[in-house]
Amino acid sequence: MESPISICETEIPLQIRNIDAFTASYAQSLQSLRATAQETARCQVQPEEFKAKLREAEDDLVQALAVKTRKEAKRMALMDAIASAKTRVEDLNTCIQEQRTKKQEYASFISQQSLALTASEGKLNESIEQKDETQEAISWYNRVLGLHVKGGRGVKFTFKNINLNNPNEEYFLTICHENDTYSLLNCEPSLNDTKELIHELNKTNDLFKFVRVMRKKFQEAVAQGSLVVTTGEHEESAFNSASAPVLSMSSVRSDFLGKENEHQVKPTEGNTQFKKQKS
């Protein structure tokens with residue numbers, strides 16, 4: 001039977017080997033735990049870093065969103081400004097078109113008024129010329145033939161220069177025009193065939209031919225010595241100033257000037273007849 005000492009000597013190395021194995025195993029376990037602890041510590045640090053990076057990313061996102069919002073606001077403001085500018089341009093184009101239309105209308109109106117003014121000036125000049133010619137014709141008839149026209153109750157034609165012995169002796173007739181009909185109100189001295197002449201006047205409506213014929217009748221009657229001249233009291237009473245004369249100055253001008261030479265000859269013929277009768 002082995003002694004306890006030999007047993008202990010045998011067991012001690014075994015125990016030492018076991019202790020060494022345990023120590024080695026413990027060291028390995030401790031090393032493993034240390035590595036795990038370091039890994040754990042490292043893993044604990046990474047979330048903080050991730051959180052910090054996440055916060056930075058969130059801040060960047062917020063800034064990016066703010067920039068985007070500002071840019072979007074600027075874009076919307078720019079779009080509104082562009083739309084407003086387009087609307088204003090359209091309004092201006094419409095206004096310009098309206099102004100052009102008004103300008104064309106004004107130009108057309110001014111052109112029409114200018115043409116009307118030119119026509120009016122032409123008519124005025126023609127009227128002035130006609131008035132001058134009429135005044136000249138009337139002056140000539142008054143001076144040479146002694147013809148005077150007076151308005152009242154009808155139209156009174158007074159003739160002078162009929163009787164060579166008394167050139168200032170007056171012969172007159174009064175014509176009235178009512179209801180498109182001529183009538184002889186008075187004739188001093190009286191003449192024959194006046195009814196036929198009035199009838200012819202109403203047919204032809206040629207008043208100045210009638211006046212010329214009546215003057216010729218006065219000349220012939222004077223030449224034949226068959227006129228009886230009455231006083232002028234009755235003839236003046238036949239007129240009143242309330243009535244208007246039925247005369248056209250343009251027709252007076254055209255007729256008087258057109259027959260000027262004819263009247264220059266006729267008094268001479270009448271006066272020649274008067275001379276022959278007298279001789």
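**Entry 1: the strands**

I began with strand β1 (residues 148–152) and found that five bridges join this strand to β2, the two running antiparallel. The model I was reading is a predicted one. I then looked for a matched pair across these strands and noted that G151 stands opposite V155 in β2. I also checked the connection: β1 and β2 form a hairpin, with one residue between them.

Next I asked how many residues of strand β2 are buried. Strand β2 covers residues 154–159, and six of its six residues are buried, so I recorded the strand as mostly covered, with buried meaning under 20% relative accessible area.

On the β3 side I found five bridges again, joining β2 to strand β3 (residues 171–178) in an antiparallel arrangement. Here F159 has Y171 of β3 as its bridge partner.

I followed β3 onward to β4 and recorded seven bridges between them, also in the antiparallel sense. One of the pairs I looked up was C176 with its bridge partner S183 in β4. β3 and β4 form a hairpin with two residues between them. In that turn I noted N179, which has a positive phi of about 55°.

**Entry 2: the whole chain**

I then stepped back to the full protein chain and counted six helices and four strands. Reading along the sequence, I wrote down the pattern α-β-β-β-β-α-α-α-α-α. The chain has 279 residues, of which 21% count as buried.

**Entry 3: salt bridges**

In general, side chains of opposite charge can pair when their charged atoms come close. I asked how many salt bridges the model holds. The count comes to three.

I looked at E72 and R75 and found their closest N and O atoms 2.5 Å apart. Both residues lie in helix α1, and because they are three residues apart there, about one helical turn separates them. E72 counts as partly exposed at 34% relative accessibility, and R75 is also partly exposed, with a value of 41%.

I turned to E170 and K160, whose side chains meet in a salt bridge with an N to O distance of 3.9 Å. Both residues lie in the loop between β2 and β3, so the pair ties together parts that are ten residues apart in sequence. The relative accessible area of E170 is 38%, which makes this residue partly exposed. K160 counts as partly exposed as well, at 23%.

I then examined D193 and K217, where the N to O distance is 3.8 Å. D193 lies in the loop between β4 (181–188) and α2 (194–204), whereas K217 lies in helix α3 (residues 207–224), so this salt bridge ties together parts that are 24 residues apart in sequence. D193 is partly exposed at 44% relative accessibility, and K217 is partly exposed at 23%.

**Entry 4: backbone details in the loops**

I returned to D193 for its backbone and found a phi near 65°, a positive value in a residue other than glycine.

In the loop between β2 and β3 I looked up N161. Its phi is near 55°, which is again positive in a residue other than glycine. N161 is partly exposed, with a relative accessible area of 25%.

I also asked which residues a cis peptide bond joins. The bond lies between E188 and P189, with omega about -10°. P189 is found in the loop between β4 and α2, and D193 has its place in this loop too.

**Entry 5: surface patches**

I looked for charge on the surface and found a negative patch formed by E56, E58, D59 and D60. Of these residues I looked up D59, which is found in helix α1 (residues 4–145). At 46% relative accessibility, D59 counts as partly exposed. A residue must have over 30% relative accessible area to join a patch, so D59, at 46%, passes that limit.

My last search was for nonpolar surface. I recorded a patch of about 340 Å² made by F22, Y26 and L30. F22 lies in helix α1. I asked whether F22 should be called buried or exposed. The relative accessibility of F22 is 56%, and because exposed means over 50%, F22 counts as exposed.

Terms used: Residues numbered from 1 in each chain as written. Predicted model: local features only at pLDDT ≥ 70, side-chain atom pairs only at ≥ 80, totals over all residues. Heavy atoms only, no water. Buried < 20%, exposed > 50% of the residue type's maximum accessible area, 1.4 Å probe, protein only. Pairing = 2+ DSSP bridges. Patch = residues over 30% accessible without salt bridge, like charges linked within 9 Å, V, L, I, M, F, W, Y side chains within 5 Å. Areas by Shrake-Rupley, 256 points an atom, 1.4 Å probe, with all protein chains shown as cover. Salt bridge = Lys/Arg side-chain N within 4 Å of Asp/Glu carboxyl O. Lys, Arg positive; Asp, Glu negative; His and termini not counted. Charge placed at Lys NZ, Arg CZ, Asp CG, Glu CD.
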